[in-house]
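Colleague: I am new to this model and would love a close look at one small part of it. Could you start there and then show me what lies around it?

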Amino acid sequence: KIYMKGIFVMKYSIKELMSINYAKLFYGRYRNNFFARIYYKNKSKKSLRRLMNRSTMIPIICDKTNEVGQFTHPDGFVTSEKFGNKIILTVSGYPFGSEHDESQYVLVSSDGIQFQNIVDNMALAEYTGNGRSHFSDGEIIEDNGKIYLFYRFCDVDHGDRIITILRKETDNLKEWNNETIILKKTAQTYISPAIVKVFNGYNMFFVEEQNDENMVLKRMHIDNIDFDNPMEETVEIEYIPKSMKLWHVDVIDEGDILHGLFVYTTGAGGKGARLYYAQSVDGGKKWKTCKEIKLDVNYEYVSKIYRSTMIKVNGEWFLYVPVNTKDECWFLMLKKEFNPANYMI
């Protein structure tokens, strides 16, 4: 309410007040308070229990990151022998949907279930400003004896929205250096990048918003890891779910087949997001959206299913899926024995 000439006037409607993400608002402000930490940890644990509800899925917990171990946007692979044949994931911390705390982490595991932060209690990219800008949308690959981490920085505090893709690298998993800007553009673009190595360089798939607010899937070919000679093209998608728009993607290479994990939404900001399996057999020029990937969780408590990834571990696909609950928690879940063939049409 605001006070005006002796009377109180409502500044916000009841509906607007009910829609405010109070968890996000107060977490960002009071996260370092001892009692607030206890409250948010308990809130997160309670939310996870409600979501699981006898589920066979496995929550991925790593508390050497943010205080509540909430993540989204996983990407990963099994490393080469040089790096110990480990399962590696990059994730965006996203506690209670707080963009300011959307830091980029790298996690490592021997079994794909128990993960450790590669640098305890630290992020590899963390926003320290006071504005609304933030990091997001990590991607990680191995090539030429190094592991490369890519991440997106959204500058929304200086006029037009400027999106930058940055890269760090390591040859020992401990020291990450040589941060480099590889792409920069003013637009709602480079959403959810997914990088695939091809015989003559790399292809990066990403989502971009058009002037008519339509979301399209693009493929950028680059000659090398420094992103020399980028060439963009819009690719075709068949069978987009009715009344939904593309939002996030991951692309996984398996020889002649590209597996796609496509997130479609019913509104802005990922509203009503759900995960679908997609496939391409021509290198990603044309895609077919197949069936929705339904999860063994309590859907009465689900708000969004977000950008996911899949990793083949000992011949079995592990599907890592972030789930956003209705009370704004973000949990990373593992579905073992995922079989893409079950989702074809």
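How do the residues of the lining of the largest cavity divide into nonpolar, polar and charged?

Modeller: Happy to help! This is a predicted model, so local features need pLDDT of at least 70 and side-chain atom pairs pLDDT 80 or more, while totals for chains, interfaces and linings use all residues. Residues are numbered from 1 along each chain as its sequence is written, and side-chain values use heavy atoms, without hydrogens or water.

The lining of the largest cavity divides into 4 nonpolar, no polar and 4 charged residues (Ala, Val, Leu, Ile, Met, Phe, Trp, Tyr, Cys and Pro are nonpolar, Asp, Glu, Lys and Arg charged, the others, Gly among them, polar). Around this cavity stand Tyr27, Arg31, Ala36, Arg37, Tyr40, Lys41, Glu67 and Val68. Its volume is about 40 Å³, and the count of cavities of 30 Å³ or more comes to 1. On a 1 Å grid over the protein atoms alone, a cavity is where a 1.4 Å probe fits but cannot get out, a pocket is an open set with protein on both sides within 12 Å along at least five of seven lines, and lining residues have an atom within 4 Å of a point. Points join across faces, edges and corners, and a volume is the space filled by probe spheres set on them.

Helix 3 gives the most to this lining, with 4 residues (helices are DSSP runs of H or I, at least four residues, strands of E, at least two, numbered from the N terminus). Tyr27 of the lining belongs to helix 2, where Tyr22, Ala23, Phe26, Tyr27 and Tyr30 meet Ala36, Tyr40 and Lys43 of helix 3 (heavy atoms within 4.5 Å). The residues of this contact divide into 7 nonpolar, no polar and 1 charged. The axes of helix 2 (residues 22-30) and helix 3 (residues 34-52) come within 10 Å and cross at roughly 145 degrees (lines fitted to C-alpha atoms, for helices over the stretch in contact, with angles from 0 to 180 degrees between N-to-C directions).

Helix 2 also leads us to the largest pocket: helix 2, helix 1 (14-19), strand 4 (71-78), strand 8, strand 9, strand 17 (245-254) and strand 21 (302-305) each supply at least two residues of its lining. About 1,300 Å³ of space lies in this pocket. Of its 50 lining residues, Lys24, Tyr94, Glu99, Trp247 and Gly269 lie nearest the centre. Here the lining divides into 14 nonpolar, 20 polar and 16 charged residues.

The second largest pocket has a volume of about 500 Å³. Among its 23 lining residues, Gly76, Phe77, Ile141, Ile195 and Asp253 are closest to the centre. This lining divides into 12 nonpolar, 2 polar and 9 charged residues. Strand 4, strand 8 and strand 17 are among the strands that each supply at least two of them.

Ile141 brings us to a sheet, where Ile141 stands opposite Tyr148 in strand 9. Strand 8 and strand 9 (residues 146-155) pair in the antiparallel sense over 8 bridges (pairing takes at least two DSSP bridges). They belong to an open sheet of 4 strands, in the order 8-9-10-11, with antiparallel pairing. Strand 8 (134-143) and strand 11 (177-186) each have a single partner, so one side of each is left without a neighbour in the sheet.
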